[in-house]
Amino acid sequence: MAEIRIEHLHKAFGGFTAVRDSTFTVPDGDFFCLLGPSGCGKTTTLRMIAGLELPTSGRILLGGDDVSFRRASQRDIAFVFQLFGILRITHLLDRPVAGLSSGDRQRVALGRAIVREPLAFLLDEPLGALDAEFREVMCGELRALHDRLHATTVYVTHDQLEAMSMADTIALMNGGVIEQQGTPEDIYDRPASLFAADFIGSPPMSFVPFRGRVAPGDSSVRVGGVDIALPQLREGSIDTDLVLGVRPENIALAPDAPFRAEVIDAEYLGTTQIVTLATASGASVKARIAADIRVQPGEHTGLTLRPAKLSLFDQRSGRALRTALHDGAAHG
Ligand code: ATP
């Protein structure tokens with residue numbers, strides 16, 4: 001197996017740029033997910049790694065070798081498209097491929113790819129055609145297979161749950177650009193941008209816009225006249241439009257808390273419920289709370305936000321401001 005290094009990769013189709021200045025490293029043995037919405041350039045990136053598409057500029061190094069302009073057949077990479085089931089194939093190994101169902105052919109294709117011991121596996125939305133339940137099973141099986149083989153794997157998906165459950169590393173793409181790269185925990189806990197905070201998480205992070213000015217060393221912000229504690233800031237801003245970001249599980253309802261909100265509705269999920277609230281300034285936030293807490297639409301309540309888990313963004317650039325949350329963690 002081998003490390004894959006991508007340096008300033010760029011791909012234009014005529015006047016349209018599908019991949020812009022992409023730089024990342026897939027460590028040897030890593031399960032690496034390219035994640036992002038439809039059309040963000042995931043497949044184009046994967047096809048360039050495979051050699052099915054040539055870059056407009058930039059370099060691709062496979063185990064240290066520059067393969068940027070080598071044909072697919074000269075790259076020793078296994079490209080696996082859709083697969084429906086991958087592990088239960090022993091009963092098929094002696095059968096001619098022509099007699100197999102299309103699902104079994106997929107299993108055999110991956111089995112052969114594994115036997116060939118390529119330098120890396122590339123998978124493009126392999127579980128795309130499956131229903132949610134079977135997809136969850138397959139995620140578990142793919143991850144277990146990876147833990148056995150330690151094969152360098154680049155996996156393309158638009159499904160954040162697939163990426164979060166399987167990846168060692170995620171590169172989140174948006175409009176041809178890598179928006180953030182890190183472990184699932186990095187991206188979930190320390191989103192580098194409003195886009196990342198919104199794309200990851202179900203429901204996604206809630207945003208409370210406010211006007212303010214912060215300085216390095218501050219450990220609270222004033223939102224609608226209420227001081228809200230957050231991780232100590234490592235950078236400041238001029239008086240500008242800021243956005244406080246909070247994940248649903250980090251909001252609690254506290255009737256007497258000063259940060260006020262009105263209950264809009266509640267979605268019952270069994271052990272928890274997702275309560276949608278409108279803050280005094282009109283921001284919509286979602287709180288994940290225990291299902292047995294009674295809430296009524298129209299009710300006014302206070303909210304407490306878990307200080308250590310809050311993010312702060314600059315609205316115009318969309319970028320997160322650095323805080324103590326990022327100390328010692330990758331950012332960007
Ligand atoms: P999806 O999940 O929908 O496939 P993606 O993130 O994989 O999305 P790509 O398939 O890489 O996105 O496509 C990125 C952009 O490049 C899209 O706008 C697509 O229309 C465009 N594109 C891809 N291939 C070509 C091509 N051969 N010629 C022109 N445009 C292309």
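This briefing walks through the fold, the ligand shell and a few backbone oddities of one chain. The model is predicted, so read everything below with that in mind. The chain has 6 helices and 20 strands, and 36% of its 332 residues count as buried. Among contacts with a separation of 6 or more, 64% link residues 24 or more positions apart.

**Around the ligand**

- Going along the chain, the ligand's surroundings begin with Phe-13, Phe-16 and Ala-18, and they also include Gly-36 and Ser-38.
- The run Gly-39, Cys-40, Gly-41, Lys-42, Thr-43 and Thr-44 is also part of the surroundings, and His-158 is there too.
- By character, the shell splits into 4 nonpolar residues, 7 polar ones and 1 charged one.
- Two elements, β2 (16-26) and α1 (42-50), each put in at least two residues.
- Of the elements, α1 is the top contributor to the shell, with 3 residues.

**The six-stranded mixed sheet**

- One open sheet is built from 6 strands, ordered β6-β7-β8-β3-β9-β10, and its pairing is mixed.
- Its edges are β6 (77-80) and β10 (177-182), each of which pairs on one side only.
- On average, neighbouring strands here are turned by 20° against each other, ignoring direction.
- Inside this sheet, β3 (residues 31-35) runs parallel to β9 (residues 169-174), and 4 bridges connect the two.
- If you want a spot to look at in that pairing, Leu-34 sits opposite Ala-171 of β9.

**The five-stranded antiparallel sheet**

- A second open sheet to look at has 5 strands in the order β15-β19-β16-β17-β18, paired antiparallel.
- β15 and β18 (284-290) are the edge strands; each has a single partner, so one side of each lacks a neighbour in the sheet.
- Neighbouring strands in this sheet are turned by 45° against each other on average, again with direction ignored.
- β19 (residues 300-305) has two faces: Thr-301, Leu-303 and Leu-305 are on the covered one, while His-300, Gly-302 and Thr-304 are on the uncovered one.
- As background, side chains in a regular strand alternate between the two faces of the sheet.
- One antiparallel partner of β19 is β15 (residues 251-253), joined over 3 bridges; here Ala-252 stands opposite Thr-304.
- β16 (residues 260-268) also pairs with β19 in the antiparallel sense, over 3 bridges.
- Two positions to check in the β16 pairing: Arg-260 has Gly-302 of β19 as its bridge partner, and Ala-261 has Thr-301.

**β14 and its partners**

- β14 (residues 240-246) is largely enclosed by the rest of the structure, because 5 of its 7 residues are buried.
- It runs antiparallel to β11 (residues 206-212), and 7 bridges join the two.
- Within that pairing, Arg-211 has Asp-241 of β14 as its bridge partner.
- β14 is also joined to β20 (residues 311-314), by 4 bridges and again antiparallel.
- In that second pairing, Val-243 is placed opposite Phe-313 of β20.

**Backbone spots worth a click**

- For context, most residues other than glycine have a negative phi, and most peptide bonds are trans.
- The peptide bond between Ser-202 and Pro-203 is cis, with omega at about -5°.
- Pro-203 belongs to the loop between α6 (194-199) and β11.
- Asp-76 isn't a glycine, yet its phi is positive, near 55°.
- You'll find Asp-76 in the loop between β5 (65-66) and β6.
- Is Asp-76 buried or partly exposed? With 17 C-beta neighbours inside 10 Å, Asp-76 counts as partly exposed, since the buried class needs 20 or more.
- His-150 is another non-glycine residue with a positive phi, about 50°.
- The loop between α3 (132-149) and β8 (153-157) is where His-150 sits.
- His-150 has 12 other C-beta atoms within 10 Å, so it counts as exposed.

Definitions and conventions:
Residues numbered from 1 in each chain as written. Predicted model: local features only at pLDDT ≥ 70, side-chain atom pairs only at ≥ 80, totals over all residues. Near = placed C-beta within 6 Å. Nonpolar A, V, L, I, M, F, W, Y, C, P; charged D, E, K, R; others polar. Pairing = 2+ DSSP bridges. Axes fitted to C-alpha atoms, helices over the stretch in contact; angles between N-to-C directions. Contact = placed C-beta atoms within 7 Å.
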